[in-house]
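Work through the exercises below with the structure open beside you. Try each task before reading its solution.

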Amino acid sequence: MLIDTHTHLDSHKFDEDRAEVIERAQAAGVHKLINIGFNRETIPTTMALAEQYAFIYAAVGWHPVDSIEMRPEDLDWIASLCDHPKVVAVGEIGLDYYWDTSPKDVQQRVFREQIALAKSKRKPIVIHNRDAHEDVVRILREEGAKEVGGVMHCFSGSWETAKQCLDMNFYISFGGPLTFQNARVPKEVFSKVPLDRILIETDAPYLAPHPHRGKRNESAFVRLVANTMAEQTGKSLDEIGRITTENAMRCFGIS
């Protein structure tokens with residue numbers, strides 16, 4: 001049994017076969033999914049999925065790439081959705097210094113506001129971090145994010161960064177890049193993270209694992225990430241499934 005802790009099944013890339021994609025995930029042993037709504041368009045479609053399927057949960061937040069577009073009423077909207085029984089986290093939020101769409105100071109302000117919101121709602125945080133490791137860790141520390149913890153989504157940093165995140169009550173999540181043949185750093189970091197702090201994800205439709213790299217990703221492929229973890233740890237796929245499922249349920253408060 002597996003939990004895909006980060007997916008975007010409401011993406012337009014699934015418009016032609018969304019129901020079949022969800023069925024394939026279930027057939028692959030994925031018994032729970034957390035879909036991520038991250039802006040004005042995807043939050044409603046994420047909520048619709050969570051309300052349609054009993055085994056799909058939602059995380060809602062404002063992506064750093066879109067920070068420039070966030071209005072005060074959007075933050076209020078996210079706050080109100082946090083009271084919905086299927087919303088298990090605030091996210092994905094954080095910093096993205098790769099895409100030059102929102103100024104860094106705006107990203108950092110919106111990030112801080114949403115950490116404060118997550119703390120007020122007692123929800124874990126799903127962190128998006130691209131080329132901003134130092135500032136993400138600093139802001140998490142300054143804003144007291146340890147109080148609620150959360151997950152470092154599709155972690156791409158060093159072991160030193162991972163250690164700082166672990167110290168702040170965050171889980172480290174691995175996706176398709178862990179399976180890549182040239183994934184030296186992700187594999188090294190994974191080997192050092194305590195097993196009770198690892199999560200698995202797809203980030204579908206993005207970052208498909210080997211041997212589907214470069215194609216559309218889907219939640220069924222989280223099994224390939226788990227297989228890589230099993231091979232690297234010498235554990236069975238069932239054991240990795242049990243460990244990561246227990247971790248996800250603990251992190252997100254899912255019963």
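**Exercise 1.** In which strand is the place of His128? Then decide from its accessible area whether His128 is buried or exposed, and find the partner of its side chain in a polar contact.

Solution. This is a predicted model.
- Step 1. His128 sits in strand E5, which covers residues 125–130.
- Step 2. The relative accessible area of His128 is 12%. Buried means under 20%. Therefore His128 counts as buried.
- Step 3. The side chain of His128 makes a polar contact of 2.9 Å with the side chain of Glu92.
- Step 4. Now look past the residues within four places in sequence. His128 is in contact with His63, Pro64, Glu92, Ile93, Gly94, Leu95, Asp96 and His153.

**Exercise 2.** Place Gln107 in its helix. Which residues does Gln107 touch, not counting residues up to four places away in sequence?

Solution.
- Step 1. Gln107 belongs to helix H4, residues 104–121.
- Step 2. Its relative accessibility is 1%, so Gln107 counts as buried.
- Step 3. With residues up to four places away left out, Gln107 touches Pro64, Ser67, Gly94, Leu95, Asp96, Tyr97 and Ser102.
- Step 4. Compare sequence with space. Gln107 and Ile68 are 39 residues apart in sequence. Their C-alpha atoms are 7.4 Å apart.
- Step 5. Put the two lists side by side. Pro64, Gly94, Leu95 and Asp96 appear among the contacts of Gln107 and also among those of His128.

**Exercise 3.** Between which two elements does the loop with Thr202 lie? What does the side chain of Thr202 reach?

Solution.
- Step 1. The loop with Thr202 runs between strand E8 (198–200) and helix H8 (222–233).
- Step 2. Thr202 has a relative accessible area of 2%, so this loop residue is buried.
- Step 3. The side chain of Thr202 reaches the backbone nitrogen of Ala204 at 3.1 Å.
- Step 4. Leave aside neighbours within four places in sequence. The contacts of Thr202 then include Asp4, His6 and Thr7. They also include Asn217, Glu218 and Ser219.

**Exercise 4.** Take Cys165 and Val185. Is Cys165 buried or exposed? Is Val185 buried or partly exposed?

Solution.
- Step 1. Cys165 lies in helix H6 (residues 159–167). Val185 lies in helix H7 (residues 184–192).
- Step 2. Cys165 has a relative accessible area of 0%, so Cys165 is buried.
- Step 3. Val185 has 31%, so Val185 is partly exposed.
- Step 4. Beyond its neighbours within four places in sequence, Cys165 is in contact with Val137, Met152, Phe170 and Ile172.
- Step 5. Check C-alpha distances. Cys165 and Arg141 are 9.1 Å apart, with their positions 24 residues apart in sequence. Val185 and Gly157 are 8.1 Å apart and 28 residues apart in sequence.

**Exercise 5.** Step back to the whole protein. How many helices and strands does the protein have? Why does the protein count as compact as a globular protein of its length?

Solution.
- Step 1. The protein has 9 helices and 8 strands.
- Step 2. Its radius of gyration is 17 Å, close to the 18 Å that the globule rule gives for 255 residues, so the protein is as compact as a globular protein of that length.
- Step 3. Buried residues make up 60% of the 255 residues.
- Step 4. Take contacts between residues at least 6 apart in sequence. Of these, 71% join residues at least 24 apart.

How values were computed: Residues are numbered from 1 along each chain as its sequence is written. This is a predicted model: local features need pLDDT of at least 70, side-chain atom pairs count only at pLDDT 80 or more; totals for chains, interfaces and linings use all residues. Side-chain values use heavy atoms; hydrogens and water are left out. Helices (H or I, at least four residues) and strands (E, at least two) are DSSP runs, numbered from the N terminus. The radius of gyration is taken over C-alpha atoms; the globule rule is 2.2 Å times the number of residues to the power 0.38. Buried means under 20% relative accessible area, exposed over 50%, partly exposed in between (1.4 Å probe, protein chains only). Contact means heavy atoms within 4.5 Å. A polar contact is a pair of N or O atoms within 3.5 Å; within protein, one must be able to donate a hydrogen and the other to accept it, and residues adjacent in sequence count only if both atoms are side-chain atoms.
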